[in-house]
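Here's a quick tour for anyone meeting this structure for the first time. Have a look at the sequence and the model, then read on.

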Amino acid sequence: MTDADGSNVDRRTVLGALAGVGGAALAGCSAFERESDAETEQLDDDAARELAERFAPTLYFDSREPWFPTDPRPYESERDGDTVVDGFDALEGYHARASDGEPPNPAVFYHAVAYEDSPLAAVQFWSYSAFDQFTTNFHWHDWEVLHVFVDTETDEPQLYVASSHSRKVPNNEFLDPDPDAVPRVLSELGSHSSTLSVNDVPDRFQRVAVEDLLADITNTAIEGIEDLAEIPLAYGLPRDEGSRLPYVVPEYEGAPLYDHEDLPSVTRDSLIDAAVTVRSFDALTSPPTDLPARETGLVFDHRERAGDADVAYDLVPTADLEHITEFSGPQLSFEFAVPDAVEDAVAGHITATGTPWSQPRYENPAADISAPNHREALADRYDAIGDPAPINTVVSEITAAVTADDAPTDEGLTTTATGVESVVLLESDPEAVPTFDGVAVVQDVPAGDHRLTANGAGTAPHSERVTVADDGATTAAGVDGEIPLVARERATKLEVGGEESDASLSRVALEDDFAGRLYESAVEGGDAVYVHDGGAYTTEVRDADDEIGAYRINPDPGTEEPVRIDRPETGTASLASFVAEIAAETQAAVAAVEPEGDTDDNGSSNPVTGLERALAAVADAASRAAERARAGDRGNADKQLETVRDRLERVGERLAAAEEDMPASLSRATEKRLEQADRRAEQARASETL
């Protein structure tokens with residue numbers, strides 16, 4: 001494997017790095033603290049049990065969920081004097097015990113601590129599942145946790161924190177919940193990521209308040225992207241918000257996991273339903289449209305108040321499990337395409353989860369508070385909680401690039417919301433995170449340069465460089481915080497520069513005539529990006545001296561061959577050549593719809609003919625300017641560029657006169673190309689490089 005910068009990267013090394021990051025994320029670190037929290041001590045058994053019974057959550061599961069909260073102790077074994085739970089043993093044992101269709105040994109484990117010299121306490125509810133299968137990862141074993149922070153003097157809950165996928169994705173949190181209500185947790189299919197339900201619709205997630213319906217989270221809104229300014233920054237529950245999540249099938253040693261000889265009770269039907277599963281992201285030519293939405297299935301509740309619940313679970317102290325030293329399992333893998341100059345692929349995975357009692361958040365639940373506004377609220381109320389730290393966050397809205405209705409056929413795009421969730425990976429700190437409602441958020445990102453990759457089922461991958469400042473601010477990836485993905489069936493690869501290029505490129509941008517700027521990234525040497533073959537593009541390049549060049553790109557719909565700009569140049573010649581090309585392109589389009597005859601009934605020049613001739617004049621003057629620039633003749637190049645400016649003004653006048661005689665789509669395209677030509681002509685005159 002060769003990385004974008006040409007260095008060699010061993011695939012196994014990358015997989016191992018991903019596993020390590022995944023494990024560290026699950027362990028829960030204190031990256032969200034600026035000031036230290038107070039020490040904690042375990043509550044005595046009676047006090048812990050009282051809190052646990054009061055706040056034991058009601059759990060709602062997806063109708064397609066195969067792995068419910070269970071007791072891992074039946075799958076224990078001894079290894080070198082330690083008690084472990086092996087992944088094969090747990091998965092096989094769980095499905096063997098579930099053969100009658102009933103979830104085996106339903107259980108939720110609790111742990112309660114109090115902060116020293118403070119009335120603040122926290123009770124944790126840990127749920128164990130035998131396996132995790134999701135869009136961005138899968139692994140043996142799965143632990144999820146709900147933290148309930150309680151003031152022991154007022155006897156009122158202060159904060160709910162429901163664990164999300166990892167420390168890179170904000171948890172789902174609610175400040176000042178109703179003290180008389182039982183916490184409700186909605187578990188995500190397969191991954192068991194937990195969100196909250198506190199409103200009057202118990203089995204549905206509500207991100208923002210609507211009329212009399214409360215929002216289920218009180219996380220602060222997303223900053224840095226205007227379109228997302230009112231959306232709370234938390235993972236939520238995408239399949240409950242109208243989005244679709246395509247799941248993938250775990251593999252072990254090159255074969256589907258259910259084919260392994262040590263898992264005789266595990267079949268294809270034991271995993272996530274095939275209706276929501278794809279074999280790999282790049283096996284589809286377009287995003288799937290038939291993935292079913294979430295439906296509520298089994299409801300679990302504490303045995304002492306099971307009521308109308310489908311399943312009653314046992315409430316067990318985690319102390320009964322602390323003799324287990326490891327939850328083990330070998331590495332699993334799946335395909336995750338990561339584009340770069342040589343179009344490599346990287347597999348992402350997590351091997352197995354750690355034990356809850358080895359994690360910092362086990363003794364300090366506040367380490368798991370991911371919303372700074374919630375940590376600040378608790379810090380204001382209790383000296384035991386430290387103030388929040390600045391958190392570097394990368395945010396982007398993932399959209400779909402599609403052809404625009406108001407553009408000429410296959411000559412213009414627009415972007416629209418996508419109904420299928422995607423995956424985002426920061427390769428420099430590799431942990432894949434899923435989008436929610438089309439929004440990608442990666443928290444706690446180290447300052448510096450990163451390569452961000454977005455990918456989705458049936459779409460071509462997108463990759464760009466992102467620079468993150470060390471100031472706790474939000475960094476918007478993409479153009480104005482938007483990354484448009486292209487369906488594979490309409491994707492053409494654009495390659496810019498490379499080893500043979502003389503220019504030392506520092507930046508590449510891509511603009512469509514109708515959609516505007518769709519891509520911009522810092523580069524080193526060359527670049528590659530997938531474009532929609534129904535667009536008409538201007539590729540802008542910048543060199544180390546910030547000189548600009550421009551190239552016209554019109555992909556041939558249906559072609560499988562990449563479009564290449566082998567030797568990109570910057571300066572006056574490049575920009576003038578671009579003006580000549582876009583003027584000639586537009587002239588040809590206008591000529592194709594020109595009425596017969598060069599004059600109207602009064603003998604005057606036909607407006608469309610006048611427009612075509614004006615465009616031809618621009619192309620001629622721009623070509624001459626490029627020739628003079630390449631010859632090193634700045635004086636005559638500038639004179640020709642003055643002529644280009646005058647003739648572009650004439651084109652504007654001719655366009656206004658001809659609009660009624662032209663198709664509306666061509667009129668709009670001509671206007672947009674005229675704006676592009678005028679801008680590049682100005683840059684050509686201002687360029688210090690010929």
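Let's start with a strand pair: β5 (residues 107-115) and β6 run antiparallel to each other and share six bridges. Strands here are DSSP runs (E, at least two residues), as are helices (H or I, at least four residues), and both are numbered from the N terminus. Two strands count as paired if DSSP finds at least two bridges between them.

This is a predicted model, so keep in mind that local features need pLDDT of at least 70, side-chain atom pairs count only at pLDDT 80 or more, and totals for chains, interfaces and linings use all residues. Residues are numbered from 1 along each chain as its sequence is written, and side-chain values use heavy atoms, with hydrogens and water left out.

**Strand β6 and its partners**

- Strand β6 covers residues 120-133 and is mostly covered, with 14 of its 14 residues buried. "Buried" means under 20% relative accessible area, "exposed" means over 50%, and "partly exposed" is in between (1.4 Å probe, protein chains only).
- On the β5 side, His111 stands opposite Gln124 in β6.
- β5 and β6 make a hairpin with four residues between them, and Asp117 in that turn has a positive phi of about 55°.
- On to β7 (residues 138-151): this strand runs antiparallel to β6, and 13 bridges join the two.
- Ser127 is found opposite Glu144 in β7.
- β6 and β7 are also joined by a hairpin, through four residues.

**Two histidines with positive phi**

- His141 has a phi near 65°, which is a positive value in a residue other than glycine.
- You'll find His141 in strand β7, and His141 is buried at 0% relative accessible area.
- His192 is also a residue other than glycine with a positive phi, near 65°.
- The place to look for His192 is the loop between β10 (184-187) and β11, where His192 counts as buried at 3% relative accessibility.

**Salt bridges**

- How many salt bridges does the structure hold? There are 40 of them. Each one is a side-chain nitrogen of Lys or Arg within 4 Å of a carboxyl oxygen of Asp or Glu.
- Side chains of opposite charge can pair when their charged atoms come close.
- Arg64 and Asp273 form one of these bridges, with their closest N and O atoms 3.5 Å apart. Arg64 sits in the loop between β2 (58-62) and β3 (76-79) and Asp273 in the loop between β14 (255-256) and β15 (277-278), so this pair ties together parts that are 209 residues apart in sequence.
- Both ends of that bridge are partly exposed: Arg64 at 21% relative accessibility and Asp273 at 33%.
- Glu241 and Arg207 meet through their side chains in a salt bridge (2.8 Å, N to O). Glu241 and Arg207 each lie in the loop between β11 (194-197) and β12 (247-248), so the pair ties together parts that are 34 residues apart in sequence.
- Arg207 counts as buried, at 6% relative accessibility.
- Glu585 pairs with Arg673 in a salt bridge whose closest N and O atoms are 3.6 Å apart. That pair links distant parts of the chain, 88 residues apart: Glu585 is in helix α6 (residues 572-592) and Arg673 is in helix α9.
- Is Arg673 buried or exposed? Arg673 counts as buried, with 2% relative accessibility.
- Salt bridges that share partners also build one network out of Arg507, Glu511, Arg517, Glu520, Glu540, Arg542, Asp546, Arg679 and Arg680.

**A negative surface patch**

- Asp646, Glu649, Glu659, Glu660, Asp661, Glu671, Glu675 and Asp678 form a negative patch on the surface.
- The elements giving two or more residues to the negative patch are α8 (634-658) and α9 (664-686).
- α9 gives the most, with three residues, and Glu675 has its place in this helix, α9.
- Patch residues have over 30% relative accessible area and no salt bridge; like charges are joined within 9 Å, and nonpolar side chains (Val, Leu, Ile, Met, Phe, Trp, Tyr) within 5 Å.
- Asp and Glu count as negative and Lys and Arg as positive, while His and the chain ends are not counted.

**A buried proline**

- Pro434 lies in strand β24 (residues 433-434) and is buried, with a relative accessible area of 1%.
- Pro434 and Gly456 are 22 residues apart in sequence, and in space they are 9.6 Å apart, C-alpha to C-alpha.

Definitions and conventions:
Accessible areas come from the Shrake-Rupley method with a 1.4 Å probe; for residues, only the protein chains shown count as cover. The place of a charge is taken as NZ of Lys, CZ of Arg, CG of Asp or CD of Glu.
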